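Okay, thanks everyone. Let me put the structure up and then walk you through it.

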Amino acid sequence: MLLHHRLLPRLLLSPSTPVTTTLLVHRTSLFPTRRILSPCCSALSQVAAAPETVDHSDGDEPQGEVQVQLPLDRLFVPPGASVSAGDAEAVTARVLKGSNIVLGPYARGDANVIAADFVKSSVRPDDCPRDGLPEFALVGRSNVGKSSLLNSLVRRKRLALTSKKPGKTQCINHFKVNDSWYLVDLPGYGYAAAPQEARTNWDEFTRNYFLGRENLVSVFLLVDASIPAKKIDLDYASWLGQNKVPMTLVFTKCDKRKKKKNGGKRPEENVENFQSLIREYFEAAPPWIMTSSVTNQGRDEILLHMSQLRNYWLKH
């Protein structure tokens, strides 16, 4: 089946481009200060903030924000936007905090979630809603935090039921947002205790969904950033890349900084390592965002990213 009709264009830059832009990675303290900002202004205002200088030498957990340099070819440039070596400073101000995503002209005020409701559960892609509304699918390893992220995005504690037992999501679950688009919760993968037949069925119908769902704007692949990269996540990302399924990497649990339990790596180091391992499967850098359902880090950025992808998809 041809998929080019729903692939979003990406700006391809030479890997040798000697220009970098600054990414601000939010560091959450043990008791973070909570600020209430509208989705559209919070992501932008934080990008433009002056970062603190953080000393890692004493081994203590850093606080505030730290500068991470990203070359232009590592940025995700959305449809309708462009960057060049001569406007690195302007591009820096448009990179969403804790991500590699440039804010483009299709990001609008409709990023706010006004209403969200569960619509239906389906056991086959053919049973999914047929109204043609754009949708974003959340998928990831069991217990990676899909339901928690979905609840965070819509500011509802129990829209999607969470469980300490992995493998509870066993259907394609559609949630309608603002009566105009869908969030889709897909079964988690990699749950060893699930029966083999169940695991096979989940894998088959989710992959059929990815390949055959024409109103799927992007798959949001959730990866646990508090631990080193796992082969099953790398395989999933590479499969999406090889099959040209639009994908955004969502790194979860970025508030967790227990160094002894994650091989001595901080979340941003695990994020960088994961990207380096999948880079060969993508023509251009896939978009990625660092998140935490505990602190709501990345919530506004995800909604803005979805907004610009959705508005481009609707127009084209």
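I'll go from the overall fold to the cores, then to a helix pair, a few individual residues and the salt bridges.

First, a caveat: this is a predicted model. The protein chain has 7 helices and 9 strands. Of its 316 residues, 52% are buried. And if you take the contacts between residues at least 6 apart in sequence, 79% of them join residues at least 24 apart.

So, the cores. The largest nonpolar core has 41 residues. The ones with the most contacts inside this core are Tyr209, Phe210, Leu221, Leu240, Leu249 and Phe251. Which elements feed it? At least two residues each come from S4, strand S6 (181–185), helix H4 (196–212), S7, H5, S8, H6 and S9. H5 gives the most, with 5 residues.

Let's zoom in on Leu221 for a moment. Setting aside neighbours within four places in sequence, Leu221 touches Val139, Gly140, Tyr189, Asp233, Tyr236, Ala237, Leu240, Met247, Thr248, Leu249 and Val250. Apart from that core there's another one, of 29 residues, and Leu103, Leu153, Leu183 and Val217 are among them.

Next, the helix pair. For two packed helices, the usual description is the angle between their axes and the distance between the axes. Here I mean helix H3, residues 146–154, and helix H7, residues 299–315: their axes come within 9 Å and cross at roughly 80°. That makes H3 roughly perpendicular to H7. On the H3 side you have Leu149, Ser152 and Leu153, and they meet Arg299, Ile302, Leu303 and Met306 in H7. In terms of chemistry, the residues of that contact divide into 5 nonpolar, 1 polar and 1 charged.

Now three residues I'd like you to click on. Start with Ser218, which sits in strand S7, residues 216–224. Is Ser218 buried or exposed? Buried, with a relative accessible area of 3%, where anything under 20% counts as buried. Beyond its neighbours within four places in sequence, Ser218 is in contact with Glu135, Phe136, Ala137, Pro246, Met247, Thr248 and Leu309.

Second one: Pro129, in the loop between strand S3 (116–122) and strand S4 (135–140). Pro129 is in a loop, and it is buried, at 10% relative accessible area. Its C-alpha is separated by 9.7 Å from that of Tyr182, which is 53 residues apart from it along the chain. Again leaving out neighbours within four places in sequence, the contacts of Pro129 are Val119, Lys120, His174, Tyr182 and Arg213.

Third: Asn100, in the loop between helix H2 (88–92) and S3. Asn100 is buried too, and its relative accessible area is 0%. What surrounds Asn100, leaving aside neighbours within four places in sequence? The contacts are Leu70, Arg74, Leu75, Phe76, Val95, Ala285, Pro286, Pro287 and Trp288. Taking Leu70 from that list, Asn100 and Leu70 are 30 residues apart in sequence and 7.8 Å apart in space, C-alpha to C-alpha.

Last topic, salt bridges. How many does the structure hold? There are 13 salt bridges, and I'll show you a few. Asp127 and Arg124 meet through their side chains at 3.0 Å, N to O. Asp127 is partly exposed at 24% relative accessible area, and Arg124 is partly exposed at 46%. Then there's Asp179 with Lys176, at 3.8 Å, N to O. Asp179 counts as exposed, at 61% relative accessibility.

The one I'd linger on is Glu283 with Lys244, where the closest N and O atoms are 3.6 Å apart. Glu283 lies in the loop between helix H6 (267–278) and strand S9 (288–290), and Lys244 in the loop between helix H5 (231–242) and strand S8 (247–252), so this pair ties together parts that are 39 residues apart in sequence. Glu283 is exposed, at 67% relative accessible area, while Lys244 is partly exposed at 45%. And finally, salt bridges that share partners join Arg74, Glu272 and Arg279 into one network. You've met Arg74 already, in the contact list of Asn100.

That's my tour, so over to you.

Key: Residues are numbered from 1 along each chain as its sequence is written. This is a predicted model: local features need pLDDT of at least 70, side-chain atom pairs count only at pLDDT 80 or more; totals for chains, interfaces and linings use all residues. Side-chain values use heavy atoms; hydrogens and water are left out. Axes are lines fitted to C-alpha atoms, for helices over the stretch in contact, and angles run from 0 to 180 degrees between N-to-C directions. Helices (H or I, at least four residues) and strands (E, at least two) are DSSP runs, numbered from the N terminus. Angles under 35 degrees count as roughly parallel, over 145 as roughly antiparallel, 65 to 115 as roughly perpendicular and the rest as oblique. Contact means heavy atoms within 4.5 Å. Ala, Val, Leu, Ile, Met, Phe, Trp, Tyr, Cys and Pro count as nonpolar, Asp, Glu, Lys and Arg as charged, and the others, Gly among them, as polar. A salt bridge is a side-chain nitrogen of Lys or Arg within 4 Å of a carboxyl oxygen of Asp or Glu. Buried means under 20% relative accessible area, exposed over 50%, partly exposed in between (1.4 Å probe, protein chains only). A nonpolar core is a set of buried Ala, Val, Leu, Ile, Met, Phe, Trp, Tyr and Cys residues joined through side-chain atoms within 4.5 Å.
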